[in-house]
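Please take a moment with the sequence and the model below. The paragraphs that follow walk through the structure one part at a time.

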Amino acid sequence: MDTQAIRAQMQTLVRGHVPSNVRTFKFNIFDGQPKVSTLGFHIDPKPFEGKVIARTDEAIVVKTRRAEFAVLDRGLVTEVPDEGAKVHVEPYARRRFDGLRADTPEEETAFTGDGKPYTVQRFVLGSAPAKLPIPQPRCPELQELIQQLEKLPAPDGFRRITHLLVDAGARDFTWVDPLPGDIIATPPSIGFTVTTAKFQGRVTVLYERRPDLYEVELHRDGELVERIGEVFFDALGETLERLIDDGNWRRIRVQCLSGRKSVQH
């Protein structure tokens, strides 16, 4: 979508949909690019509802408030509704392995001085963690692999590697947590199943002690179909993206609440 062209057209596209006593209007563009707050943090847009007031070959314009609009990249939406339809729109948001948004405050139980429990919600500005569903390991190399998957960025720069795994439908996690003396015979590893347009099957990330590098294996129906060796830690995101990330996470989910859709991708 040509965002500069859309910006130039907006005055014309919203004409007749802004109250006569309002001199200015606002609009947000959703084109698959990450949103950044005024403080410079990546943020995840909230779902919203509105009425479709215009369509072009590239964009769908939704009125969300009295003088506020959303512009959706037509090539990314899951449904293309007719003008006049009321829609529910859900732009991409990073998620955790439990399905909740990654910016959901973390809850923990604390205790008062007399021992009564209470719940504390913790939220770090700009933080959207997706922690692996794996207990604290004893093996330092497995601990390091977990930390790298949770902290290192995916190639898009917006997600972490674990967000990439969530978007690939990673589930059924297994892990090998060896004692120090067994690290070569039974290498530390993390395995999981994914289902994407690129690959459906089992993925395993193994630590190779001698070269101090990683190896990524793909299995389907119990058979090895691809092995990528000598993967440096800072290439884990790029390697996993190439193997399992189909890009569908960028789609903007649109649901017609009234009216009808004319195209479905």
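## A buried glutamine and its surroundings

Gln 148 has a relative accessible area of 10%, so the residue counts as buried. Gln 148 sits in helix 2. Leaving aside residues up to four places away in sequence, Gln 148 is in contact with Ile 161, Tyr 214, Phe 233 and Leu 236. A further link along the chain is to Gly 237: 89 residues separate Gln 148 and Gly 237 in sequence, while their C-alpha atoms are 9.6 Å apart. The model that shows all this is a predicted one.

From this one residue, the view can widen to the whole chain. Four helices and 17 strands make up its secondary structure. The chain has 265 residues, and 39% of them count as buried. Along the principal axes, the C-alpha atoms fill a box of roughly 75 × 60 × 30 Å. The exposed surface of the chain comes to about 15,100 Å², with 47% of that area supplied by carbon and sulfur atoms. Among contacts with a separation of 6 or more, 57% are between residues 24 or more positions apart.

Next comes the interior. The largest nonpolar core has 33 residues, and the members that touch the most others are Ile 190, Val 203 and Ile 244. At least two residues of this core come from each of helix 2, helix 3, strand 12, strand 13, strand 14, strand 15 and helix 4. Another core, of 15 residues, lies apart from it; Phe 30, Phe 48, Val 80 and Val 87 are among its members.

What does Ile 190 touch, beyond residues up to four places away in sequence? The list includes Leu 142, Leu 145, Ile 146 and Leu 149. It also includes Leu 132, Ile 134, Phe 173, Thr 174 and Trp 175, as well as Val 203, Thr 204 and Val 205.

Pro 188 is found in the loop between strand 11 and strand 12, the latter spanning 189–195. Is Pro 188 buried or exposed? Its relative accessible area is 0%, and therefore Pro 188 is buried. With residues up to four places away in sequence set aside, Pro 188 touches Cys 139, Glu 141 and Leu 142, then Val 176, Pro 178 and Ile 183, and also Val 205, Leu 206 and Tyr 207. Pro 188 and Pro 137 are 51 residues apart in sequence, with 10.0 Å between their C-alpha atoms.

Lys 51 offers another case, in strand 4, which covers residues 48–55. Its relative accessibility is 46%, so Lys 51 counts as partly exposed. Not counting residues up to four places away in sequence, Lys 51 touches Val 61, Val 62 and Lys 63, together with Gly 84, Ala 85 and Lys 86. From Lys 51 to Asp 82 the C-alpha distance is 9.8 Å, across 31 residues of sequence.

Two residues stand out by their backbone angles. Asp 172, in strand 11, has a positive phi of about 50° although it is not a glycine. Asp 172 counts as exposed because its relative accessibility is 52%, and the cut-off for that class is over 50%. Glu 230, in strand 15, also is not a glycine and has a positive phi, near 55°. At 59% relative accessibility, Glu 230 likewise counts as exposed.

The last topic is empty space. Rolling a probe the size of a water molecule over the atoms shows where such space is left. The largest pocket holds about 470 Å³. Its lining has 27 residues, and those nearest the centre are Tyr 92, Arg 95, Asp 167, Trp 249 and Arg 253. Helix 3 (161–167) and strand 11 (171–176) are the elements that give two or more residues to this lining. Sorted by class, the lining of the largest pocket has 11 nonpolar, five polar and 11 charged residues.

How many cavities of 30 Å³ or more are there? The count is one. The largest cavity has a volume of about 160 Å³. Of the 14 residues that line the largest cavity, Gly 32, Gln 33, Pro 34, Pro 45 and Tyr 92 lie nearest its centre. The lining of the largest cavity has nine nonpolar, two polar and three charged residues. Tyr 92 is thus named twice, once among the residues nearest the centre of the largest pocket and once among those nearest the centre of the largest cavity.

Definitions and conventions: Residues are numbered from 1 along each chain as its sequence is written. This is a predicted model: local features need pLDDT of at least 70, side-chain atom pairs count only at pLDDT 80 or more; totals for chains, interfaces and linings use all residues. Side-chain values use heavy atoms; hydrogens and water are left out. On a 1 Å grid over the protein atoms alone, a cavity is a set of points where a 1.4 Å probe fits but cannot get out, and a pocket is an open set with protein on both sides within 12 Å along at least five of seven lines; lining residues have an atom within 4 Å of a point. Grid points are joined across faces, edges and corners, and a volume is the space filled by probe spheres set on the points. Ala, Val, Leu, Ile, Met, Phe, Trp, Tyr, Cys and Pro count as nonpolar, Asp, Glu, Lys and Arg as charged, and the others, Gly among them, as polar. Buried means under 20% relative accessible area, exposed over 50%, partly exposed in between (1.4 Å probe, protein chains only). Contact means heavy atoms within 4.5 Å. Accessible areas come from the Shrake-Rupley method with a 1.4 Å probe; for residues, only the protein chains shown count as cover. A nonpolar core is a set of buried Ala, Val, Leu, Ile, Met, Phe, Trp, Tyr and Cys residues joined through side-chain atoms within 4.5 Å.
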